[in-house]
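Student: I would like a close look at a single part of the structure shown below. Please then place that part in its wider setting.

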Amino acid sequence: MLDEDPQSFERVLSSMCTDPHPAAVAAAMRFLPTNPGDPSTFPTIAAIEEAVVERLGAIAELSEPTGYVASGGTEGNIQALRIARNAHDIREPNIVVPENAHFSFRKAAELLDVEFRSTAVDEECRADPATIADAADDRTIMVVAVAGSTEYGRVDPIPAIADFASDHGFHCHVDAAWGGFVLPFTDHSWNFDHAPIDTLTIDPHKFGRAAIPAGGLLARNQELLDHLRISTPYLGTEDQVTLGGTRSGAGVASALAVIEELWPEGYRRQFERCQENAEWVAHALEGLEYETTTPELPLVGFSASADLTAKLRARGWKVSRSGDDQLRIVCMPHVTREMLETFLTDLRELDA
Ligand SMILES: *Cc1c(COP(=O)(O)O)cnc(C)c1O
């Protein structure tokens, strides 16, 4: 098995990750033996991690960024809830999570023994501030808003949700794991500058084109991050805030390498190309009379039967279905116009 090619992205339409940028690959290989979880032994990668946090802060418009490079969005979301739980001295706490949020929040709630309150989304699959307000009470410690949802690429009304959280003394966490590297080039309100957000997940290993694993957790201030601090007597440093102990230096170095290469203009061009592809394929699918979701970000959903999905898969297409039976096309940077044309040709043939 090991002499086979690891993966071609030629027919991958379902992944929220993509081909890592060549600069990311080179940096990942060089820093493979390093461990940012042990900063006194590996000071260079520890300094690189600080630089990544600085850059993520610039992308998310956080003036004095604090945070770290996590293993991914799941860890970022778990840790955000851990901050909220530790910051609030509340018995039987709960978290309010819109239905369009990633399943990692269920893991977080279970791990941290926090009640999970799921709220319905509106017709456009966005969180509804009024429904969230109804679900929250004096035991709520955090509400979640999504900036680029996994199923449909939707952006929640973040200022309304963050204002509500801030007025009531609980945290607002924004999950921009997937959307964080494209949203700066749109007119959406999603970042620290737009709303009183406490914590934010933004993953370089998705649209950022870093090598896996490279996630990001940002907190508005040091005080918030301090809620994660655990003392580490034998490490040569006082304490750590991360969930993992030994961590990937490859992911951290790759994140800095690609951000230095692409932020902001390279990412802007990448976003424009991905968004154009999404709009183009959505238009083509509508022309073929599929019920299609509007691509707010580079993600298109369209109605397709389980049978059609199976036939597409048999031709090697990697496609995934949403909870309500839509096929998803995630227009990541590896998804080219030619690839989409081939896909549509197959679709016409198989659905004739
Ligand atoms: C991918 C994704 C996650 C989970 O991130 P992992 O890196 O897979 O752990 C969380 N939230 C959103 C919105 C995502 O798209």
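Student: Is the crossing of H1 and H8 left-handed or right-handed?

Tutor: The crossing of H1 and H8 is right-handed (the near helix is turned clockwise from the far one by less than a right angle; anticlockwise would be left-handed). The model is predicted, so local features need pLDDT of at least 70 and side-chain atom pairs pLDDT 80 or more, while totals for chains, interfaces and linings use all residues. Residues are numbered from 1 along each chain as its sequence is written, and side-chain values use heavy atoms, without hydrogens and water.

The two helices pack at an angle of about 145 degrees, with their axes 7 Å apart (axes are fitted to C-alpha atoms over the stretch in contact, and angles run from 0 to 180 degrees between N-to-C directions). Helices are DSSP runs of H or I with at least four residues, strands runs of E with at least two, numbered from the N terminus. On the H1 side of the interface stand Ala23, Ala24, Ala27 and Ala28. They meet Ala250, Ala253, Ser254, Ala257, Val258 and Glu261 of H8 (contact means heavy atoms within 4.5 Å).

Both helices also belong to a wider assembly. The largest nonpolar core has 62 residues (buried Ala, Val, Leu, Ile, Met, Phe, Trp, Tyr and Cys joined through side-chain atoms within 4.5 Å; buried is under 20% relative accessible area, exposed over 50%, partly exposed in between, with a 1.4 Å probe and protein chains only). Among the elements that give two or more residues to this core are H1 (22-30), H2 (43-59), H5 (129-135), H8 (249-262) and H9. H8 gives the most, with eight residues. Within the core, Ile158, Trp190 and Leu218 touch the most other members. Beyond four places in sequence, the residues that Leu218 touches include Val53, Leu56, Leu62, Phe192, Leu200 and Ile202.

Helix H5 holds Ile132, which is buried, with a relative accessible area of 1%. Apart from neighbours within four places in sequence, Ile132 is in contact with Val96, Thr119, Ala127, Val143, Val144, Ile161 and Phe164. Ile132 and Ala24, one of the H1 residues at the crossing, are 108 residues apart in sequence and 39 Å apart in space, C-alpha to C-alpha.

From H8 the chain leads towards H9. Pro264 is in the loop between H8 and H9, and the peptide bond from Trp263 to Pro264 is cis, with omega near -5 degrees. Helix H9 (residues 265-287) then lies across strands E10 and E12, at about 15 degrees to E10. These strands belong to an open sheet of three strands in the order E10-E12-E11, with antiparallel pairing (a pair needs at least two DSSP bridges). Strands E10 (299-303) and E11 (320-321) stand at the edges with a single partner each, so one side of each has no neighbour in the sheet. Five bridges join E10 to E12 (residues 326-330), and Ser303 has Gln326 in E12 as its bridge partner.

A second cis peptide bond runs from Ile212 to Pro213, with omega near 5 degrees. Pro213 lies in the loop between E6 (199-201) and E7 (217-219). That loop also contains Arg209, whose phi is positive, about 65 degrees, although the residue is not a glycine. At 17% relative accessibility, Arg209 counts as buried.
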